[in-house]
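Here's a quick tour of the fold's inside, strand by strand and ring by ring. Have the model open while you read.

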Amino acid sequence: MVSAYSSSNVSAVSLGFVFMISTSMVAFADKFYQDFYITWGGDYHAKMLNNGDLLTLSLDNVSGSAFESYNEYLYAKIDIQIKLVPGNSAGTVTTFYLSSTGSSHDEIDFEFLGNVTGKPYILHTNVFCQGKGNREQQFYLWFDPTADFHTYSILWNPQNIVFLVDDLPIRQFKNQESYGIPFPKNQAMRLYSSLWNADNWATRGGLVKIDWSQSPFTASYTNFNADACIWSYGTSSCESNSNKRAWYWKTLNYADQGRIQWVQKNYMIYNYCTDTKRFRQGFAPECYLTNFP
């Protein structure tokens, strides 16, 4: 495994190709007030700044904070740039995820688990289908996510779900309904983000608590972009094929699969498909398929 935070730009050779990992900028970013409203934290803990180009969430011993999208999406390519809580962030969790509602909800998760100063963040990913999750994969990052903004993306279309960091795919969850494996396709989802106190589990299983003397803890967001099928009153904006763009049909090619393998070989620290202690009765069915990354 490559050391976490080894460089903000990583050159790697994997499966016969060379690629560069670098911070990517999102074009045509929307104003945050056009797409989101504050759901928790009020004016003090959650702020839209710079004429809506920047949004900050803060956490102290009084409150955390959160925001939510106005729109619901049924398939989307979503990008957002985040600069995470710096310094001693142990016990804090910053989230960015799509979710429907109800006990049988679907959900696609990015969660960033804080750590003590000098120790790496853990990027926690999960996929819920019809209310069932337990599909966690966790990674260290190859850069310091508190030093600058980096782009975190979700590609969700009828073929697959792909998690990306600075345009580098790190995880794919394929639509394998032909094998009886559920896939999120019927429930529209809103985009959510939050910064909250999770010191009962987030850092070393809850052994390390939040140091409130370091508060307020602040995460910053910029350059949000959603190329999406907007769901409204039972109708999708992508019902006509003319409205379906390249991302709607996107799957991962051989080079993309190699990139995922490189990330998972060097930076993955947990995979639900290999946790025999937790899943003594057997893994999720997708874990047994040869084409599951």
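Let's start in the sheet: β8 and β9 run antiparallel and are joined by seven bridges. Keep in mind that this is a predicted model. From that strand pair we'll move out to the rings, the cores and two loop residues.

**Strand β8 and its partners**

- Within the β8–β9 pairing, Leu98 has Ile108 of β9 as its bridge partner.
- β8 also pairs with β15, again antiparallel, this time through eight bridges.
- One spot to look for in that pairing is Thr95, which sits opposite Ser194 of β15.
- How many of the residues of β8 are buried? Eight of its eight, so the strand counts as mostly covered.
- In a regular strand, side chains alternate between the two faces of the sheet.
- For β8, both faces are covered: one side carries Thr92, Thr94, Phe96 and Leu98, the other Val93, Thr95, Tyr97 and Ser99, and all of these are buried.

**Aromatic pairs**

- The count of aromatic pairs comes to 22.
- Tyr97 and Tyr192 are stacked, because their ring centres are 5.3 Å apart and their planes meet at 15°, under the 30 degrees that marks a stacked pair.
- That pair ties together distant parts of the chain: Tyr97 belongs to β8 (residues 92-99) and Tyr192 to β15 (residues 190-197), with their positions 95 residues apart.
- Both Tyr97 and Tyr192 are buried.
- Is the Phe110 and Phe163 pair stacked or edge-to-face? With centres 5.3 Å apart and planes at 80°, the pair is edge-to-face, since the angle is over the 60 degrees needed.
- Phe110 in β9 and Phe163 in β13 (residues 160-165) are 53 residues apart, so this is another link between distant parts of the chain.
- Phe110 and Phe163 are both buried too.
- Elsewhere, ring pairs join Phe32, Phe36, Phe67, Tyr221 and Phe224 into a cluster.

**Nonpolar cores**

- Nonpolar side chains tend to be buried together in soluble globular proteins.
- Here the largest nonpolar core takes in 68 residues, and those with the most contacts inside it include Phe96, Leu98, Phe110 and Trp156.
- Strand β7 (residues 72-83) supplies the largest share of this core, seven residues.
- A second core, separate from that one, has five residues, among them Val93, Leu113, Ile122 and Ala202.
- Sequence neighbours up to four places away aside, Trp156 touches residues including Tyr73, Leu74, Tyr75, Ala76, Leu98, Ile108 and Trp247.

**Two buried loop residues**

- Asn115 is listed by UniProt, in an unreviewed entry, under "glycosylation site".
- You'll find Asn115 in the loop between β9 (107-113) and β10 (122-128).
- Why does Asn115 count as buried? Its relative accessibility is 15%, and the cut-off is under 20%.
- Beyond neighbours within four places in sequence, Asn115 is in contact with Gly87, Asn88, Ser89, Ala90, Pro120 and Thr203.
- Gly64 lies in the loop between β5 (54-59) and β6 (65-69).
- With 2% relative accessibility, Gly64 counts as buried.
- Setting aside neighbours within four places in sequence, Gly64 is in contact with Trp40, Gly41, His45, Ser58, Leu59 and Leu195.
- Gly64 and Ala46 are 18 residues apart in sequence, and their C-alpha atoms are 8.6 Å apart in space.

Notes. Residues are numbered from 1 along each chain as its sequence is written. This is a predicted model: local features need pLDDT of at least 70, side-chain atom pairs count only at pLDDT 80 or more; totals for chains, interfaces and linings use all residues. Side-chain values use heavy atoms; hydrogens and water are left out. Helices (H or I, at least four residues) and strands (E, at least two) are DSSP runs, numbered from the N terminus. Buried means under 20% relative accessible area, exposed over 50%, partly exposed in between (1.4 Å probe, protein chains only). Contact means heavy atoms within 4.5 Å. A nonpolar core is a set of buried Ala, Val, Leu, Ile, Met, Phe, Trp, Tyr and Cys residues joined through side-chain atoms within 4.5 Å. UniProt positions are given in the numbering used here, feature names are shortened, and annotations may be inferred rather than shown by experiment. Rings of Phe, Tyr and Trp (its six-membered ring) pair if their centres lie within 6.5 Å; planes under 30 degrees apart count as stacked, over 60 as edge-to-face and the rest as tilted. Two strands pair if DSSP finds at least two bridges between them.
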